Amino acid sequence: MKIELIPPVVKTRFKQLIQPLVGSLVRYHLNPNWFTTFSFFIIVAAAVAFGRGALRLGATLMLLGGMLDMLDGAVARASNRVTRFGALYDSTLDRYAEIAVFFGFAYYFVHKTGMGAAHGLLISMVVFIAMAGSLMVSYVRARAEGLHFDCKVGVMQRPERLVLLSLGAYINDTWLVVMLVVVAFFANLTAIQRLVYIWRSETTSKWKKVPSDIAHE
């Protein structure tokens, strides 16, 4: 099952729209890792804005950071500068950026409702579950690809998480909580979905041998 909250046609159309920009950046011989770094700092700034209660500013910065994060890979491919370090660097900063954003949400709600308030603690638990699910979605894909499986399926990948959380922050506190609940549920569902997908893939004729490099954790 491959269900995506953001239809593939929308993602394809967006990539087509940014192609002229990518071409311009390639002509200036810019290092793709620069965009990864800029994206990270912008999203960290978004996390600070969330923590201070500037939700709409935070949402704007998070979307901007997300778009910059899409540019690094596009520029790397267009300029033939794809490297294994670049992929690792991008994934690592993406995870730190996500952690920062969820920390900003938790900080905001706990301080808004008062330290120790049941409502604030409950929302913080939702934030934690959403963060855990988001990290596990990325971990399962990375682990699967390390075992030579293609694993990009799932209803709640990173673009969907960024869009939903930004939308909730743009509207109001209540909708932000709703979107956090949605992310918490579907991110963990996606991690499970990817496990099931790999399990099914291993039983097909495409995978006949047990990989010799499987490490037991």
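Biologist: Is Arg141 buried, partly exposed or exposed?

Modeller: Keep in mind that this is a predicted model. Buried would need under 20% relative accessible area, and exposed would need over 50%. Arg141 has a relative accessible area of 28%, so the label that fits is partly exposed.

Biologist: Which residue does Arg141 form a salt bridge with?

Modeller: Side chains of opposite charge can pair when their charged atoms come close. For Arg141, the closest N and O atoms of the pair are 2.9 Å apart. Both residues lie in helix α5, four residues apart, about one turn of the helix. The partner is Glu145.

Biologist: Okay, and which helix holds both Glu98 and Arg95?

Modeller: These two form a salt bridge, with 3.3 Å between the closest N and O atoms. Glu98 has a relative accessible area of 8%, so Glu98 is buried. Arg95 counts as buried too, because its relative accessibility is 19% and the cut-off is under 20%. They sit three residues apart, about one turn of their helix, and that helix is α4.

Biologist: How many residues apart are Asp94 and Arg158 along the chain?

Modeller: Their side chains meet in a salt bridge, at 3.7 Å from N to O. The pair links distant parts of the chain, with Asp94 in helix α4 and Arg158 in helix α6. Both residues are buried. Along the chain, they are 64 residues apart.

Biologist: Last one: how many salt bridges does the structure hold?

Modeller: We've met a few, including Arg141 with Glu145 and Glu98 with Arg95. Asp94 with Arg158 is another one. The structure's count is six.

Technical notes: Residues numbered from 1 in each chain as written. Predicted model: local features only at pLDDT ≥ 70, side-chain atom pairs only at ≥ 80, totals over all residues. Heavy atoms only, no water. Salt bridge = Lys/Arg side-chain N within 4 Å of Asp/Glu carboxyl O. Helix = DSSP H or I, 4+ residues; strand = E, 2+ residues; numbered from the N terminus. Buried < 20%, exposed > 50% of the residue type's maximum accessible area, 1.4 Å probe, protein only.
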